[in-house]
Amino acid sequence: MAYIRRWREDITACLDRLLPGFEVRFGYPPGRHTIGGPAGEEERASLAGMRPPDDLLAWYRQVREVSLPDVGNGYFIHDPGLVLHREVTSIRGRFTADVVVFASDGGGTLFAVETATGSPVYRLPAGETVASVYRSDDPRFDVVATNLTEFLDRLRDTVEVFAATGAPGDL
């Protein structure tokens, strides 16, 4: 998929600008930033019971995981093994849906996409999870993107702004 290849190239270019001189700029050494290769066939197959959307499976065919620990609080797109073992499978309250949690930030926020349809992507700030159901009254519990592609675009934009200015941005 050409989109994912371009996304990877864009993020890599941002990191190439950000990481040299990072320690001088921010006062601490950078963590390990990675954009992994494709997830294995078994890893992708293990997600079948969760009914992940097709675009998430297409993502995993090309990128297993992303770790950007120093961009703002950090952003992470989880590998299939971590996705499989997430405790949240549904959200209730302001929104009601079955979801797949596929990403997080370093501040405890999770990002989840509706199963099957892949639309929308939700931001789940710290909240209560009981029997795999997430609930929160936090106003940040919201739709952050209409789909995975828009989420990835917003993440790329956040990384670009951070590389250029050091401003953490927000998804």
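Buried, on this tour, means under 20% relative accessible area. Keep that cut-off in mind as you click through this predicted model.

**Stop 1: Phe141 and Tyr134**

Start by selecting Phe141. Its relative accessible area is 0%, so Phe141 is buried. Now add Tyr134, which is buried as well because its relative accessible area is 2%.

**Stop 2: an aromatic pair across the sequence**

Next, show the side chains of Phe102 and Phe151. A ring pair like this is described by the distance of the centres and the angle of the planes. The model has 9 aromatic pairs. In the one formed by Phe102 and Phe151, the centres are 5.2 Å apart and the planes stand at 80°, an edge-to-face arrangement. Phe102 belongs to strand β5 (residues 97-105) and Phe151 to helix α6 (residues 148-165), so the pair ties together parts that are 49 residues apart in sequence. Phe102 counts as buried because its relative accessibility is 0%, and Phe151 counts as buried at 2%. Tyr134 and Phe141 from the opening stop form an edge-to-face pair too, with 5.1 Å from centre to centre and 80° between the planes.

For one more group of rings, select Phe22, Phe26, Tyr28 and Phe162, which ring pairs link into a cluster.

**Stop 3: Ser90 and Leu171**

Which strand holds Ser90? Select Ser90 and you will find yourself in strand β4 (residues 90-92). With a relative accessibility of 8%, Ser90 counts as buried. Leaving out residues up to four places away in sequence, Ser90 touches Ala97, Asp98, Val99, Ser132, Val133 and Tyr134. Tyr134 should be familiar from its edge-to-face pair with Phe141.

Now move to Leu171, in the segment after α6. Is Leu171 buried or exposed? Its relative accessibility is 1%, so Leu171 counts as buried. Setting aside neighbours within four places in sequence, Leu171 is in contact with Tyr75, Phe111, Arg123, Val144, Phe151, Arg154, Leu155 and Thr158. If you draw a distance between the C-alpha atoms of Leu171 and Phe141, it should read 12 Å; these two residues are 30 residues apart along the chain.

**Stop 4: helix α1 and its partners**

Colour helix α1 (residues 2-18) and helix α4 (residues 54-62). Two packed helices are described by the angle between their axes and the distance between the axes. For α1 and α4 the angle is about 60° and the axes are 10 Å apart, so the two helices are oblique to each other. The crossing of α1 with α4 is right-handed. To see the contact, show Ile4, Arg5, Trp7 and Arg8 on α1, then Ala58, Trp59 and Gln62 on α4. By class, this contact of α1 with α4 has 4 nonpolar, 1 polar and 2 charged residues.

Now swap α4 for α6. The axes of α1 and α6 come within 9 Å and cross at roughly 15°, so α1 is roughly parallel to α6. The crossing of α1 and α6 is left-handed. On the α1 side, select Tyr3, Trp7, Asp10, Ile11, Cys14, Arg17 and Leu18; on the α6 side, select Thr149, Leu152, Asp153, Leu155, Arg156, Val159, Glu160, Phe162 and Ala163. The residues of the contact of α1 with α6 divide into 10 nonpolar, 1 polar and 5 charged.

While you are on α6, click Val161, which sits in this helix. Val161 counts as partly exposed because its relative accessibility is 41%. The C-alpha atoms of Val161 and Cys14 are 9.0 Å apart, although 147 residues separate them along the chain.

**Stop 5: backbone details in the loops**

Most residues other than glycine have a negative phi, and most peptide bonds are trans. With that in mind, zoom in on the bond between Ser119 and Pro120: it is a cis peptide bond, with omega at about 0°. Pro120 is in the loop between β6 (110-114) and β7 (121-124).

Then select Arg51, in the loop between α3 (41-46) and α4. Phi of Arg51 is positive, near 55°, and Arg51 counts as partly exposed at 47% relative accessibility.

Finish at Ala131, in the loop between β8 (128-130) and β9 (133-135). What is phi of Ala131 near? The value is near 50°, which is positive. Ala131 is exposed, with a relative accessible area of 71%.

Note on methods. Residues numbered from 1 in each chain as written. Predicted model: local features only at pLDDT ≥ 70, side-chain atom pairs only at ≥ 80, totals over all residues. Heavy atoms only, no water. Axes fitted to C-alpha atoms, helices over the stretch in contact; angles between N-to-C directions. Helix = DSSP H or I, 4+ residues; strand = E, 2+ residues; numbered from the N terminus. Parallel < 35°, antiparallel > 145°, perpendicular 65-115°, else oblique. Left-handed = near helix turned anticlockwise from the far one by under 90°. Contact = heavy atoms within 4.5 Å. Nonpolar A, V, L, I, M, F, W, Y, C, P; charged D, E, K, R; others polar. Phe/Tyr/Trp six-rings, centres within 6.5 Å; stacked < 30°, edge-to-face > 60°. Buried < 20%, exposed > 50% of the residue type's maximum accessible area, 1.4 Å probe, protein only.
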